[in-house]
Amino acid sequence: MLKIPSEYAVPCEHPGKITTVTYGKKAFLLYTPIRPSSHILYLIHGGGGDERTFFRPAFVNLIDHMIDRGDLEPLYIVTPNFYDAEQTDKTPGSSGKAVLKFQKELREQVIPLAEKEIGQTFDREHRAISGFSMGGVTTWYAFMGALDLFYWFLPMSGDCWALGEKGGGEKPEETAKAIIDAVRRQGSPDFRLHAVTGSKDIAYPNLDPQMQALKQYPGVFDGKLRYDVLENGVHDYETIFRYLYNVLPGVFH
Ligand code: FER
């Protein structure tokens, strides 16, 4: 996996624009690229985070430069907050419940509002969902229930909790089976799923067994599933930005 070029760390001369969209007591952020686009990424924060967590300078500068240099087709990026407005308990158990509950809000509020704000509805082929850690757990839930909305799934350093907290590590076979069943229940539409983590990531022992179990279903996943492990990669946003630098150019093709 390539390292992010150091010149991508500084502000870009041709930046996109970030706006806040509120609904009820909550908000999501919307990154609008400098040139029009038919692509959109829903990007979900990790445990304890919120809608602002991803859009720190290191990430915004990276995306701006990638688009400016032509590494990446322009894309919209929406960063929601999966917690309830009143939620103060952000431990993994409580976060796990929140990301499951959030699936309905994503479908019924965040996506319609974001795309109304942009002024266009995106095809599923042009919609991606990704997230870090608990945002990865969110992405797996979306894979199990929102294949009609998304074609591209990029879970990063988070496993599937369908069988409970850290179920991908503790019950990899059952978790893989639950995922496969969910794909079939949704009519087995085409999709692409690219999971990433690092060998020293705290989620590696949870995600890796699940990915190995999923690979045992070649008929379902042939040519649709990719899984990369960064040697020595750890569980932090800097590493996640590096994954996105490497993975995003392959999305929407
Ligand atoms: C994992 C998925 C999510 C994991 C941790 C989390 C340790 C989240 C933890 C948190 O929000 O504190 O596989 O592995």
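**Exercise 1. Determine how the residues of the lining of the largest pocket divide by class, and locate this pocket among the helices.**

The lining comprises seven nonpolar, nine polar and three charged residues, where Ala, Val, Leu, Ile, Met, Phe, Trp, Tyr, Cys and Pro count as nonpolar, Asp, Glu, Lys and Arg as charged, and the others, Gly among them, as polar. A pocket is here an open set of points, on a 1 Å grid over the protein atoms alone, where a 1.4 Å probe fits, with protein on both sides within 12 Å along at least five of seven lines, and lining residues have an atom within 4 Å of a point. The model is a predicted one, in which local features need pLDDT of at least 70 and side-chain atom pairs count only at pLDDT 80 or more, whereas totals for chains, interfaces and linings use all residues. Residues are numbered from 1 along each chain as its sequence is written, and side-chain values use heavy atoms, with hydrogens and water left out.

Next, of the 19 lining residues, Ser133, Met134, Lys166, Ile202 and His235 lie nearest the centre of the largest pocket. Finally, α2 (92-118) and α3 (134-145) each supply at least two residues of this lining (helices are DSSP runs of H or I, at least four residues, numbered from the N terminus).

**Exercise 2. Work out where the ligand sits and which polar side-chain atoms lie by its oxygen atoms.**

The ligand sits in the largest pocket, meaning that more than half of its atoms lie within 2 Å of the grid points. Its surroundings include Ser133, Met134, Trp161 and Lys166. A polar side-chain atom of aspartate 159 lies 2.6 Å from a ligand oxygen atom, and for asparagine 206 a polar side-chain atom likewise lies 2.6 Å from an oxygen atom of the ligand. Taken alone, the ligand exposes 370 Å², of which the protein buries 85% (accessible areas by the Shrake-Rupley method with a 1.4 Å probe).

Technical notes
A residue is near a molecule or strand if one of its heavy atoms lies within 4 Å of it. A polar contact is a pair of N or O atoms within 3.5 Å; within protein, one must be able to donate a hydrogen and the other to accept it, and residues adjacent in sequence count only if both atoms are side-chain atoms.
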